[in-house]
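Please look through the sequence and the structure shown here. The paragraphs that follow take up a few parts of it in turn.

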Amino acid sequence: SAQEHPTIADGLMSELGEIPLDSGVDVVGVSYYENIDAIVIGLEKKTYTDNEHLRNSMIASIYEIMPVILTHPDELSGKKIVFTGSSISLNAKGSRTMMKIFHTEIGFDMAREIAWSDFDDEESREHLMDDCFEYVWWHSRVKEY
């Protein structure tokens, strides 16, 4: 079989997989979807925490990942960067399941214009997401503090 060139998704996955994120969130996958011209980065928090901590961890992980993403302007210019987050959730019977709790996206070109390091606390980060990200969705269970 023909040797495939490593894709931007593969490259990002190997780069991001090497960074231990302080947020305790793992990058579990990076995919490129040509039909929507987007890189989708899957985030997972495998330890159960309260909603506020979970939200802050997901948001913090984006701030940890973004500097790596921004080193790829040639491949990513004009594309969307999509983050989906999953977490362990306890259902009514007390068993744990992995469920999607978070989804957001931002245009790469918009992301390049943001001074990410200026947003160094939870409140300013959440405001930035509301202002600059095209879409921010939280599962109803983690939406409210």
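Does glutamate 34 count as exposed or buried? With a relative accessibility of 67%, glutamate 34 counts as exposed, because exposed means over 50%. This value, like the others here, is computed from a predicted model. Glutamate 34 sits in the loop between S1 and S2. Its C-alpha atom is 26 Å from that of aspartate 130, and the two residues are 96 residues apart in sequence.

The loop between S1 and S2 also holds aspartate 37. Aspartate 37 counts as partly exposed, because its relative accessibility is 29%, and partly exposed covers the values between the limits of 20% and 50%. The backbone at this residue deserves a look. Most residues other than glycine have a negative phi. Aspartate 37 is not a glycine, yet its phi is positive, about 50°.

From the loop we turn to helix H1, which spans residues 8-17. Four residues of H1 are buried: Ile8, Ala9, Leu12 and Leu16. These four lie on the same side of H1, because the arc they cover around the axis is only 95°. In an α-helix there are 3.6 residues a turn, so residues three or four places apart point the same way. What lies over the buried residues of H1? The cover includes strand S1 (26-33), strand S2 (38-45), H2 and helix H3 (73-76).

One of these covering elements, H2, can now be followed further. Two packed helices are described by the angle between their axes and the distance between the axes. For H1 and H2 the angle is about 130° and the axes are 10 Å apart. The two helices are therefore oblique to each other, since this angle lies outside the ranges for roughly parallel, perpendicular and antiparallel. Their crossing is right-handed. Leu12, Glu15 and Leu16 of H1 make the contact with Ile65, Val68 and Ile69 of H2. Sorted by class, this contact has 5 nonpolar residues, 1 charged residue and no polar ones.

H2 also packs against helix H5, which covers residues 122-132. Here the angle is about 75°, with the axes 10 Å apart. H2 and H5 are therefore roughly perpendicular to each other, a description that applies to angles from 65 to 115 degrees. On the H2 side, the residues that meet H5 are Arg55, Asn56, Ile59, Ala60, Ile62 and Tyr63. Their partners in H5 are Glu122, Arg125, Glu126, Leu128 and Met129. By class, the contact of H2 with H5 has 6 nonpolar, 1 polar and 4 charged residues.

Methionine 129 belongs to helix H5. It is buried, because its relative accessible area is 2%, and buried means under 20%. Apart from neighbours within four places in sequence, methionine 129 is in contact with Ile59, Ile62, Phe102, Thr104 and Val136. Between methionine 129 and alanine 111, which are 18 residues apart along the chain, the C-alpha separation is 11 Å.

The last residue to consider is serine 57, in helix H2 (residues 51-69). How does it stand in terms of accessible area, buried or exposed? Serine 57 is buried, because its relative accessible area is 4%. Setting aside neighbours within four places in sequence, serine 57 has contacts with Ser23, Val25 and Lys45. The C-alpha atoms of serine 57 and methionine 129 are separated by 14 Å, and the residues are 72 residues apart along the chain.

Methods:
Residues are numbered from 1 along each chain as its sequence is written. This is a predicted model: local features need pLDDT of at least 70, side-chain atom pairs count only at pLDDT 80 or more; totals for chains, interfaces and linings use all residues. Side-chain values use heavy atoms; hydrogens and water are left out. Buried means under 20% relative accessible area, exposed over 50%, partly exposed in between (1.4 Å probe, protein chains only). Contact means heavy atoms within 4.5 Å. Axes are lines fitted to C-alpha atoms, for helices over the stretch in contact, and angles run from 0 to 180 degrees between N-to-C directions. Angles under 35 degrees count as roughly parallel, over 145 as roughly antiparallel, 65 to 115 as roughly perpendicular and the rest as oblique. A crossing is left-handed if the near helix is turned anticlockwise from the far one by less than a right angle, and right-handed if clockwise. Ala, Val, Leu, Ile, Met, Phe, Trp, Tyr, Cys and Pro count as nonpolar, Asp, Glu, Lys and Arg as charged, and the others, Gly among them, as polar. The arc is that of the directions from the helix axis to the C-beta atoms.
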